[in-house]
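I opened this notebook to keep track of what I looked up, one topic at a time. The entries below follow the order in which I went through the structure.

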Amino acid sequence: MVIDALSEGIDHIEKKKNKTKIGLPDEEIEKRIKNFRPDVVGITSMFTAFSYDAHSLAALDKIIDPKIKVILGVANVSILPQLTIK
């Protein structure tokens, strides 16, 4: 299963404090992960500016099922590996 959270939720816009998030809401992503029950989740983020969202999604995956293996393909992994691991 592949979820393109940005394109699927392009009309969903959340404004929180000084941030704007576009894409599927976390509740929808959580529902899909619970229904599909994957062993591995791959998350990609093309730009460092969006790495916070990728890290938040990885944390959500671990809350849903701590056994899920999360693979991050974010731009800042090689630049900030310790932050990524944390």
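Entry on salt bridges. Before looking up any pair, I noted the rule I would need: a salt bridge is a side-chain nitrogen of Lys or Arg within 4 Å of a carboxyl oxygen of Asp or Glu. I also noted that I am working with a predicted model, and that side chains of opposite charge can pair when their charged atoms come close.

With that rule I looked up Glu 30 and Lys 34, and I found that they form a salt bridge in which the closest N and O atoms are 3.0 Å apart. Both residues lie in helix α2, where they are 4 residues apart, about one turn of the helix. I then checked their accessibility: Glu 30 counts as partly exposed at 24%, and Lys 34 is partly exposed as well, with a relative accessible area of 46%.

How many salt bridges does a search of the whole structure find? I wrote down 6, and I went on to two others among them.

The first of these joins Glu 28 to Lys 31, with 3.5 Å between the closest N and O atoms. These two residues are separated by about one helical turn, because they are 3 residues apart in helix α2. Glu 28 is partly exposed, with a relative accessible area of 22%, and Lys 31 also counts as partly exposed, at 46%. I noted further that Glu 28 and Lys 31 belong, together with Glu 8 and Arg 32, to a network of linked salt bridges.

The other joins Lys 21 to Asp 26, whose closest N and O atoms are 2.7 Å apart. Lys 21 counts as partly exposed at 23% relative accessibility, and Asp 26 is partly exposed with a relative accessible area of 33%.

Entry on strand β1 and what follows it. I looked up Glu 14, which has its place in strand β1. Is Glu 14 buried or exposed? I recorded it as buried, because its relative accessible area is 19% and the cut-off for buried is under 20%. Leaving aside neighbours within four places in sequence, I found Glu 14 in contact with Lys 19, Thr 20, Lys 21 and Pro 25.

One of those contacts, Lys 19, turned up again when I looked at rings, since Lys 19 lies over the face of Tyr 52, at 3.7 Å from the ring centre.

Ile 13 is in strand β1 too, a strand that covers residues 13–16. I found Ile 13 in a nonpolar patch on the surface, which it forms with Leu 6, Ile 10 and Ile 22, and for which I noted about 370 Å² of accessible area together.

Entry on backbone angles. I looked for residues other than glycine with a positive phi, and I wrote down two examples. Lys 17 has a positive phi of about 45° although it is not a glycine; it is placed in the loop between β1 and β2 (19–22), and at 91% relative accessibility it counts as exposed. Arg 37, also not a glycine, has a positive phi near 55°; it lies in the loop between α2 (26–36) and β3 (40–45), and it is exposed, with a relative accessible area of 68%.

Entry on aromatic rings. A pair of aromatic rings is described by the distance of the centres and the angle of the planes. My search came to 1 aromatic pair. The pair is formed by Phe 47 and Phe 50, and it is edge-to-face, with 6.0 Å centre to centre and 75° between the planes. Phe 47 counts as exposed, at 52% relative accessibility, whereas Phe 50 is partly exposed, with a relative accessible area of 47%.

Entry on helices α3 and α4. Ser 51 lies in helix α3, which covers residues 51–64. I recorded Ser 51 as buried, because its relative accessible area is 10%. Not counting residues up to four places away in sequence, Ser 51 touches Ser 45 and Asn 76.

My last look-up was Ile 85, which is found in helix α4 (residues 81–85) and counts as exposed, at 66% relative accessibility. I compared its place with that of His 55: Ile 85 and His 55 are 30 residues apart in sequence, and 9.6 Å apart in space, C-alpha to C-alpha.

Note on methods: Residues are numbered from 1 along each chain as its sequence is written. This is a predicted model: local features need pLDDT of at least 70, side-chain atom pairs count only at pLDDT 80 or more; totals for chains, interfaces and linings use all residues. Side-chain values use heavy atoms; hydrogens and water are left out. Buried means under 20% relative accessible area, exposed over 50%, partly exposed in between (1.4 Å probe, protein chains only). Contact means heavy atoms within 4.5 Å. Patches are made of residues with over 30% relative accessible area and no salt bridge: like charges are joined within 9 Å, nonpolar side chains (Val, Leu, Ile, Met, Phe, Trp, Tyr) within 5 Å. Accessible areas come from the Shrake-Rupley method with a 1.4 Å probe; for residues, only the protein chains shown count as cover. Rings of Phe, Tyr and Trp (its six-membered ring) pair if their centres lie within 6.5 Å; planes under 30 degrees apart count as stacked, over 60 as edge-to-face and the rest as tilted. A charge sits over a ring if NZ of Lys or CZ of Arg is within 6 Å of the ring centre and within 35 degrees of the ring normal.
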